[in-house]
Number of protein chains: 2
Amino acid sequence: MEEIIGIFAGIFTTIAAVPQIYRAWKTKKVDDVSPKMFFILILGVLLWTVYGVMKQDAPIIITNGISTLLNITMFILIFKYKKQEK
Amino acid sequence: MEEIIGIFAGIFTTIAAVPQIYRAWKTKKVDDVSPKMFFILILGVLLWTVYGVMKQDAPIIITNGISTLLNITMFILIFKYKKQEK
């Protein structure tokens with residue numbers, strides 16, 4: 001039972017960035033999105049990935065590895081679509 | 001060493017929503033933020049909290065409990081400041 005809940009928890013927290021990436025890519029607008037949020041998220045999931053490697057724990061590596069790539073994608077989109085500051 | 005990396009990873013992924021909440025609260029603009037992202041995140045961290053309770057793992061409960069509250073706060077702000085759809 002814990003196993004199943006853990007799997008769904010992992011899937012949800014891993015894929016959460018996808019609709020945000022899709023929205024940014026479709027609208028090309030990111031003004032209200034916090035780049036700091038994604039920067040801190042990237043640091044966090046990157047450290048979780050390192051933690052997974054040290055503990056040799058495949059689920060931690062896979063979910064956080066995917067999260068790292070997704071959050072980096074969003075971070076790049078933020079800078080790509082950001083309006084020039086006045 | 002794993003311990004320290006895990007603590008920092010947990011702190012970063014937990015507090016990441018704070019700058020987004022602050023930005024939304026300050027600008028009162030959330031048009032480019034994906035409500036789906038925060039909805040999925042809430043489901044995910046809520047399930048992680050349940051997982052932590054079942055495993056009686058305090059760090060999982062605390063970090064994901066805080067994340068749940070922060071992401072719910074952001075989700076509420078999205079609906080509070082959302083412009084009417086045309």
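**A pocket shared by two chains**

The largest pocket in this predicted model is lined by 45 residues, and Trp48(A), Asn64(A), Trp48(B), Ile60(B) and Asn64(B) sit nearest its centre. (A pocket here is an open set of points on a 1 Å grid over the protein atoms alone, where a 1.4 Å probe fits, with protein on both sides within 12 Å along at least five of seven lines; lining residues have an atom within 4 Å of a point.) Both chains chip in: helices H1 (2–15), H3 (35–55) and H4 (58–81) of chain A, together with H1 (2–15), H3 (35–55) and H4 (58–81) of chain B, each give two or more residues to the lining. H1(A) supplies the largest share, eight residues. By type, the lining splits into 22 nonpolar, 16 polar and seven charged residues. The space inside comes to about 1,300 Å³, taken as what is filled by probe spheres set on the points.

As for the chain itself, chain A has four helices and zero strands, where helices are DSSP runs (H or I) of at least four residues and strands (E) of at least two. The order from the N terminus is simply α-α-α-α. The C-alpha trace of chain A spans about 50 × 25 × 15 Å along its principal axes.

How do the two copies relate? Chain B lands on chain A after a rotation of 180° with 0.0 Å of shift along the axis, at an RMSD of 0.0 Å (least squares on C-alpha atoms of residues with pLDDT of at least 70 in both). That is the relation of a two-fold axis. The same surface serves both copies, with 100% of the contact residues of chain B recurring in chain A; contact means heavy atoms within 4.5 Å.

Across the chains, the axes of H2(A) (residues 17–27) and H3(B) come within 7 Å and cross at roughly 175°. The two helices are therefore roughly antiparallel (angles over 145 degrees). Ala17(A), Pro19(A), Gln20(A) and Arg23(A) meet Pro35(B), Lys36(B), Met37(B) and Ile40(B) there.

Residues are numbered from 1 along each chain as its sequence is written, and chains are lettered from A in the order written. Local features need pLDDT of at least 70, and side-chain atom pairs 80 or more, while totals for chains, interfaces and linings use all residues; side-chain values use heavy atoms, without hydrogens and water.

Definitions and conventions: Ala, Val, Leu, Ile, Met, Phe, Trp, Tyr, Cys and Pro count as nonpolar, Asp, Glu, Lys and Arg as charged, and the others, Gly among them, as polar. Axes are lines fitted to C-alpha atoms, for helices over the stretch in contact, and angles run from 0 to 180 degrees between N-to-C directions. Angles under 35 degrees count as roughly parallel, over 145 as roughly antiparallel, 65 to 115 as roughly perpendicular and the rest as oblique.
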